[in-house]
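Me: I'd like a close look at a single part of this model: the place where the two chains meet. Take me through that contact in detail, then show me how the pairing of charged side chains carries on elsewhere.

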Amino acid sequence: LTGNDGWSELAALYREQARSLIRLAALLVDDVGTAEEIVQDAFVLVHRRWEHVDKPEQYLRKSVVNLARSRLRRRLVALRYPPAHVPDAPAVDELDTDQGAVIDALQVLPRRQREVLVLRYWSELSEAEIAATLGISTGSVKTHAHRGIAALEQGLEL
Amino acid sequence: VTVEARLRDATATYTERIEPSIDGWQRLAERFEPRRPRPWLITAGAFLLVIASVAAVYAFMRDGSDSRAPIASPRAPSRIVAVTNDGRVVVIDPADGHEIRQLAVDAQPQGGVAVSVDGRMIYYARLSGAVCNAFTGDSFSVTDLAVISVRGGAPKILATYARSPSVSPDGRLLAYVRAPCGTAGTAAVVRGPGHDKGSDWGTGWPSPGDPLDRVSWAPDSRHLAFDQGYPYVFDASSKAGPASSRRVDIGDGTVWFGYRGSRDQFLAFRFASSEPANIVVLGPDGLPRQQLFTLPGSSSPSSLVSDRSGLHILFVDAESWLSRWRPGQTKPTKVAPGFAGAVWVPTPRP
């Protein structure tokens, strides 16, 4: 960032994107505190590369997904040792029964399917945008989406 | 209700309660440290600064106007091209005047001689053998400007009614004096790259009645000095041509430009005709900066040049002795008698 203009530009970007990005991260890591940390880390990254980033929103979204994946990987390691991770607010039990079941089923999906479904049905991104965010082909996006929906459907029927 | 719709509904409801912390931006802003220059950039900058400082100190010492001792003592040129009083152009050894090679026998002895910067071509004033009749009715020999290889061969005529060649230090320009039939010199002519075409600044000299002579380039290859009763200098790169000329007020004397180790300083040699005859170095302002040596008697040398370093001076004294001088000598060394003009053959740069 150079000068006050760049700084105010970053602040404006935070005001516009922070809420949406934290919610996205929360869907990926089911932990609002971690989600906020992830978003803060993403903003630090975009700040470092500010002069080289053409589309900050896209860069932030991609960073959030990657950082969330990294956090989940670390969490898997942490799960081997007590105490286990306990999701914080919003508690799933604050949702109605069906919504809670959907969120529960979503959280047990394989990582990639979960990412694709969240980006597709919550972020409302196109397949091309999802592919660009996750760094995979649109064909893979379709496959993961199809399998994810099928797995979700199966999980909800149980 | 499809699974997709249920998914949209559940995720929207789940996330709509999530809000960023009130102090989120403040905590984030605290993590942004001012960007620091990269270490290699600092190192490179410091290195360049040191180099620039050393270069500045070196340049100051090298061009210091009040320096009396030579800063550098490069090897003196090993050859001289000279014109003898009987019109021969020869290559001689500066140590003892030993004649190494004869290049031509048709030179106008007082017409001057010059060498290209690569030392391969010799420019001299050649007696064509023809005779011209001036408007006064008197007959004169026609003098051409010729160029010949230092290895010998036939001369090539560059200009008719021309003399006193001078090659610019960068080798791009050739200046000479245009001397129409029966005149000693009326104009300085500068030729461009390749020396195959010239631009003539032949009109409007301040003293049109006096002969023009001793054309010589300044070390910057831009300013040209000549003598026309008084020393004059003009900017050869100026569109103004003769209008850019200015008289150098050095009192009673004659100016030759020559190297003093700097391309952009206007140092010159002055010969004051008052006794004793001093050869001095002038600064860009025309004021004397350094006295080099004193000539016996009051007569001026007929030619005086320096080598590329400016430390080795060559001249022909009033008794036609080819003489040389280098820093540290209290008086010049006589090389050989019977010469009208001479010039150093440039030492090739390593």
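Reply: On the chain A side, 39 residues take part in the contact, and chain B brings 27 residues to it. Keep in mind that this is a predicted model. Put together, chain A and chain B bury about 3300 Å² between them, and 63% of that area sits on carbon and sulfur atoms.

As for polar links, there are 13 residue pairs in polar contact across the interface of chain A and chain B, counting pairs with both residues at pLDDT 80 or more. Where does the chain A side come from? At least two residues each are supplied by α1 (3-29), α2, α4 (97-107), α5 (111-122) and α7 (138-157) of chain A. The largest share of the side of chain A that touches chain B comes from α1(A), with 10 residues. Sorted by class, that side of chain A has 23 nonpolar, 12 charged and 4 polar residues.

Now the charged pairs. Side chains of opposite charge can pair when their charged atoms come close. Between chain A and chain B the count is 5 salt bridges. One of them pairs A:R23 with B:E19, where the closest N and O atoms are 3.0 Å apart. Another brings together the side chains of A:E124 and B:R8, at 2.9 Å from N to O. A:E124 lies in the loop between α5 and α6 (127-134) of chain A, while B:R8 is in helix α1 (residues 3-15) of chain B, so this pair joins two chains. How covered are the two partners? A:E124 is partly exposed, with a relative accessible area of 44%, and B:R8 also counts as partly exposed, at 33% relative accessibility.

Back to α2, one of the helices on the chain A side. Helix α2 of chain A runs over residues 32-48, which makes 17 residues, and reaches 24 Å from its first C-alpha to its last, close to the 24 Å expected at 1.5 Å a residue. At its start, a side-chain oxygen of A:D31 comes to within 3.1 Å of the backbone nitrogen of A:G33. The helix is mostly covered, with 12 of its 17 residues buried. Among the buried ones are A:V32, A:I38, A:V39, A:F43, A:V44 and A:V46, and the list also includes A:E36, A:Q40 and A:H47. When you scan that list, it helps to remember that an α-helix has 3.6 residues a turn, so residues three or four places apart point the same way.

Next, the salt bridges beyond the interface. Over all chains, the structure holds 15 salt bridges. Within chain B, B:R27 forms one with B:D23, the closest N and O atoms being 3.5 Å apart. B:R27 counts as partly exposed at 34% relative accessibility, and B:D23 as partly exposed at 35%.

Further along chain B, B:D317 and B:K334 form a salt bridge, with the closest N and O atoms 3.0 Å apart. B:D317 lies in the loop between β21 and β22 of chain B and B:K334 in strand β23 (residues 333-336), so the pair ties together parts that are 17 residues apart in sequence. Is each partner buried or exposed? B:D317 counts as buried, at 10% relative accessibility, whereas B:K334 counts as partly exposed, at 48%. In chain A, salt bridges that share partners join A:R69, A:R111, A:R112 and A:E115 into one network.

The loop that holds B:D317 deserves a second look. B:S320 lies in that loop, between β21 (313-316) and β22 (322-325) of chain B. Its phi is near 65 degrees, a positive value in a residue other than glycine. B:S320 is partly exposed, with a relative accessible area of 21%.

Chain B has a similar case to check at B:Y161, which is not a glycine but has a positive phi of about 55 degrees. B:Y161 is found in the loop between β7 (152-160) and β8 (162-167) of chain B, and is partly exposed, with a relative accessible area of 30%.

One more loop residue in chain B: B:V105 is found between β3 (99-104) and β4 (113-115). B:V105 is exposed, with a relative accessible area of 56%. Leaving out residues up to four places away in sequence, B:V105 touches B:G87 and B:R88. From C-alpha to C-alpha, B:V105 and B:R88 are 4.2 Å apart in space, and 17 residues apart in sequence.

Terms used. Residues are numbered from 1 along each chain as its sequence is written. Chains are lettered from A and ligands numbered from 1 in the order in which they are written. This is a predicted model: local features need pLDDT of at least 70, side-chain atom pairs count only at pLDDT 80 or more; totals for chains, interfaces and linings use all residues. Side-chain values use heavy atoms; hydrogens and water are left out. Helices (H or I, at least four residues) and strands (E, at least two) are DSSP runs, numbered from the N terminus. The expected span of a helix is 1.5 Å times one less than its number of residues. Buried means under 20% relative accessible area, exposed over 50%, partly exposed in between (1.4 Å probe, protein chains only). A polar contact is a pair of N or O atoms within 3.5 Å; within protein, one must be able to donate a hydrogen and the other to accept it, and residues adjacent in sequence count only if both atoms are side-chain atoms. Contact means heavy atoms within 4.5 Å. Buried area is the accessible area (1.4 Å probe) that two parts lose on being put together, summed over both. A salt bridge is a side-chain nitrogen of Lys or Arg within 4 Å of a carboxyl oxygen of Asp or Glu. Ala, Val, Leu, Ile, Met, Phe, Trp, Tyr, Cys and Pro count as nonpolar, Asp, Glu, Lys and Arg as charged, and the others, Gly among them, as polar.
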